[in-house]
Amino acid sequence: DQAAARAMTLLHESSEETGAAVEAAVADLDDAATDFLTKTIRDGEPAEQRSAAACLLWSHQLSNMPFIVELAQNESLYPLLLTELQRWGAPALENLEQMMPTMNGKPLASVIGLLARLLDQETGQAKSELFANYLAWEDMVVATAAASAVSRFGDERVIPRLVELLGSSRNRVRRVAGHALGEIGQRQPDLVQKALADIEIDGELGIQLCRIIEKVGKAEDTPRLSAALSSPISELRAAVVGTLATIAGASALESIALAMTDEDLSVRMAAAAALGRIGPDAAETIIYALHSAEGPLKAALIRALGQVGHPEAPAVLRSMCEETAEIALAALDAMNTLGINVADIQEDILRHPDSEVVKQALTVLGASVSSPLLVRLLDHASWDVRLAVVTRLAQIKHDPLVHEALFGHLNQEKDDLVREAIERILRDGSGGK
């Protein structure tokens, strides 16, 4: 019964001697005991499931392996599963590998996942070509598990197969192969770079190449990447811009600045983000581009300026705090990142017609907002701004001006949340009376 399984678990944990005795006792489980344990694992409470799973695993019976593979999909039992299967050693690994040709879907993915966690590095590398065979599997769950295993163990033996899969007509296969190559490239960059050196950066394949080169590439890849900026595929041009910023930095500034004039907004947005990643060398390019930028591109450039900084940044960013909400919010974020003091323009910012800008300004300005200005904001048209103001006033509730203002505003406040917040402050400020 379930109490017996729990008792076996407690005995197993009590000492090495009793643990060995428990494992000897369950080594010859009969069909009735096995059926009981599997039913408990499927239908029991979590503690009962764990005890039953432990007893089943301690039996070391290979005939239970199909059910054990099913258990791999139970997150709460997975750590126990790995620990015990590691103790099984080679018989478990051999049995799992033998099961692979007969399986599909989640069970096959579970077997691949278990092998990836149980194999040591040397054995896993020897099996990397086996895992690579499943990268082109129709079932995405299987292909993803295979990609994870290849990423972990892959070496020079599997690189040619991955490069071949990069040319697949199926985008999903290209993605998993590209991911695996990128991970292998973290360990063996020279091998991956050599394998990709003669492949043209073009089309959908070019997008995958950019993602890999971003992880393993060198500045020497800049010319072939820059050439791809003339591609008719905007997604590729955007990917190239990001990759150039990563591997070439400031030396790619001219190419990235040129991308700021691209006909496609997504490419211009990628270029703005890339400029922010390059650092201070890109500051002047960013400021120049801000003169003609609009909308989301202008906001992206403002955030990039917040990343790189520049002596002109305070004046440029301050001038944008009264523009549209999108621009003003970006400017506030950038000034907050750069630590620019905006207390001297707080009244202008807090008069912005968009409530989101006002709330963000209150956050950026912090304690520098004066009590009289906060009190005036109690009459703001947006309830969420009034609530933010009341929350700030709670920090200085002992100021007589604040207490009087809140008391006077209470009767005219229409929003329940704001009223409750005010009442709570007044109650706390008066000793709970």
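**Why each label fits**

Me: Arg-87 and Glu-84 both lie in helix α6 (residues 78-88), three residues apart, about one turn of the helix. What makes the pair of Arg-87 and Glu-84 a salt bridge?

Reply: The closest N and O atoms of Arg-87 and Glu-84 are 2.7 Å apart. A salt bridge needs a side-chain nitrogen of Lys or Arg within 4 Å of a carboxyl oxygen of Asp or Glu. The pair meets that limit, so it counts. Helix α6 is itself a DSSP run (helices are H or I, at least four residues; strands are E, at least two; both are numbered from the N terminus).

Me: What kind of model is this, and how are residues numbered?

Reply: This is a predicted model: local features need pLDDT of at least 70, side-chain atom pairs count only at pLDDT 80 or more, and totals for chains, interfaces and linings use all residues. Residues are numbered from 1 along each chain as its sequence is written, and side-chain values use heavy atoms, with hydrogens and water left out.

Me: Why is Glu-84 called buried?

Reply: The relative accessible area of Glu-84 is 7%. Buried means under 20%, exposed means over 50%, and partly exposed lies in between (1.4 Å probe, protein chains only). So Glu-84 is buried. Its partner Arg-87 has 41%, so Arg-87 is partly exposed.

Me: How do you know that Glu-323 and Lys-298 form a salt bridge?

Reply: Their closest N and O atoms are 3.1 Å apart. That fits the salt-bridge limit, so the pair counts. This pair links distant parts of the chain, 25 residues apart: Glu-323 is in the loop between α22 (313-318) and α23 (325-338), and Lys-298 is in helix α21 (residues 295-308). At 30% relative accessibility, Glu-323 is partly exposed. Lys-298 has 12%, so Lys-298 is buried.

Me: What makes Arg-303 and Asp-333 a salt bridge?

Reply: Again, compare the gap with the limit. The closest N and O atoms of Arg-303 and Asp-333 are 3.9 Å apart. That is still inside the limit, so the label holds. Arg-303 lies in helix α21 and Asp-333 in helix α23, so the pair ties together parts 30 residues apart in sequence. Arg-303, at 39%, is partly exposed. Asp-333, at 28%, is partly exposed too. Elsewhere, salt bridges that share partners join Glu-347, Asp-348, Arg-351 and Arg-376 into one network.

Me: How many salt bridges does a search of the whole structure find?

Reply: The search finds 22.

Me: Why is α17 called roughly parallel to α19?

Reply: Helix α17 (residues 234-248) and helix α19 (residues 265-278) pack at an angle of about 5°, with their axes 9 Å apart. Axes are lines fitted to C-alpha atoms, for helices over the stretch in contact, and angles run from 0 to 180 degrees between N-to-C directions. Under 35 degrees counts as roughly parallel, over 145 as roughly antiparallel, 65 to 115 as roughly perpendicular, and the rest as oblique. So α17 is roughly parallel to α19. The contact of these two helices divides into eight nonpolar, four polar and two charged residues. (Ala, Val, Leu, Ile, Met, Phe, Trp, Tyr, Cys and Pro count as nonpolar; Asp, Glu, Lys and Arg as charged; the others, Gly among them, as polar.)

Me: What does Leu-85 touch, not counting residues up to four places away in sequence?

Reply: Leu-85 touches Leu-57, Met-65, Ile-68, Ala-92, Leu-114 and Leu-118. Contact means heavy atoms within 4.5 Å. Leu-85 is also among the residues with the most contacts inside the largest nonpolar core, which has 154 residues. Helix α17 gives the most to this core, with nine residues. (Such a core is a set of buried Ala, Val, Leu, Ile, Met, Phe, Trp, Tyr and Cys residues joined through side-chain atoms within 4.5 Å.)

Me: Why does Asp-416 count as exposed?

Reply: Asp-416 has 55% relative accessibility, which puts it over the exposed cut-off. Asp-416 is found in helix α29 (residues 416-429).

Me: Why does Ala-283 count as buried?

Reply: Ala-283 has 1% relative accessibility, so the buried label fits. Ala-283 sits in helix α20 (residues 283-290). Beyond its neighbours within four places in sequence, Ala-283 is in contact with Val-308, Gly-309 and His-310.
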